[in-house]
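Subject: Structure handover

Hi,

Here is the structure I said I would pass on. Have a look when you get a moment, and then read on for what turned up.

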Amino acid sequence: MPPCHRGSSGFRGVRARPSGRFYAEIRAGGFRLTLGTYNTPELAARAYDAAAWRFRRPQRDMNFPDVESLEDRRRHRQVQRRIAIAEHDEQLMRQWRAQFPNDVDNTDAFFADLRAQRRSNRRHHRAVAEFELDNPNTTWAKNDPRWDDIWTETTSDDE
């Protein structure tokens, strides 16, 4: 790919004026948008980058692609906040487990009972569906979703 043209100022979208100031512009959709004149080429290049960002240009079209935008900073702060909340939750859970070990055992027992109950319900539904399959006088319609229970897995491994 050929190198991009950056003009006499060394920045994209920036031209030197005879007065010694620097003129910034951006082209978009067949028109030219004047961004103003600035004392230094860096300020003009930053104005170009701000306009390019507003036009949703890719990062590679920026003069300073490594500079974070306010959106990047906001997103970073949001991620850091979520990480801090998760770490705080883990710390509180460690304290709770140390302070109430019986509750942890009760919680494990509760979920074990819940899994056993669900497994029992699946076995019951499958048995009913198999009975209806063998029953010539069934009241179930052909498209009844309860027929799908025949194919339900009921091994002790499925939880």
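Below are my notes, grouped by topic.

One thing to keep in mind throughout: this is a predicted model.

**Salt bridges**

The count of salt bridges comes to six. In general, side chains of opposite charge can pair when their charged atoms come close.

You may want to start with the network, where salt bridges link Arg15, Glu25, Arg27 and Arg32. Glu25 pairs with Arg27, with 3.3 Å between the closest N and O atoms. Glu25 also has a salt bridge to Arg32, and there the closest N and O atoms are 3.6 Å apart. Both distances fit the cut-off, because a salt bridge needs a side-chain nitrogen of Lys or Arg within 4 Å of a carboxyl oxygen of Asp or Glu.

How does accessibility look across these partners? Glu25 has a relative accessible area of 8%, so Glu25 is buried. Arg27 is at 52% relative accessibility and therefore counts as exposed. Arg32 comes in at 46%, which means that Arg32 counts as partly exposed.

Away from that network description, there is a salt bridge between the side chains of Arg146 and Asp144, at 2.7 Å from N to O. Asp144 is buried, with a relative accessible area of 14%, while Arg146 is partly exposed at 40%.

**A buried arginine**

Arg12 sits in the segment before strand E1 (14–16). Is Arg12 buried or exposed? Its relative accessibility is 14%, so Arg12 counts as buried. As for what its side chain meets, a polar atom of the Arg12 side chain lies 2.8 Å from the backbone oxygen of Asp61.

**Surface patches**

Two patches are on my list, one charged and one nonpolar. The charged one is a patch of positive charge on the surface, where Arg73, Arg77, Arg81 and Arg82 gather. Of these residues, Arg81 lies in helix H2, which covers residues 70–99.

The nonpolar surface patch is made by Phe31, Leu33 and Phe55, and its area is about 260 Å². Phe31 belongs to strand E3 (residues 31–38). With 44% relative accessibility, Phe31 counts as partly exposed. Patch members need over 30% relative accessible area, so the 44% of Phe31 fits that cut-off.

**A backbone oddity**

Which residue other than glycine has a phi near 60°? That is Arg56, and the value is positive. For context, most residues other than glycine have a negative phi. Arg56 is placed in the loop between helix H1 (41–54) and H2. Arg56 is exposed as well, with a relative accessible area of 76%.

**Toward the end of helix H3**

Leu133 is found in helix H3, residues 101–134. Leu133 is at 53% relative accessibility, so Leu133 counts as exposed. How far is Leu133 from Ile150 in sequence and in space? The two are 17 residues apart in sequence, and their C-alpha atoms are 8.8 Å apart.

That is the set of notes; shout if you would like to go through any of it together.

Cheers

Technical notes: Residues numbered from 1 in each chain as written. Predicted model: local features only at pLDDT ≥ 70, side-chain atom pairs only at ≥ 80, totals over all residues. Heavy atoms only, no water. Patch = residues over 30% accessible without salt bridge, like charges linked within 9 Å, V, L, I, M, F, W, Y side chains within 5 Å. Areas by Shrake-Rupley, 256 points an atom, 1.4 Å probe, with all protein chains shown as cover. Lys, Arg positive; Asp, Glu negative; His and termini not counted. Charge placed at Lys NZ, Arg CZ, Asp CG, Glu CD. Helix = DSSP H or I, 4+ residues; strand = E, 2+ residues; numbered from the N terminus. Buried < 20%, exposed > 50% of the residue type's maximum accessible area, 1.4 Å probe, protein only. Polar contact = N/O pair within 3.5 Å; in protein donor to acceptor, adjacent residues only side chain to side chain.
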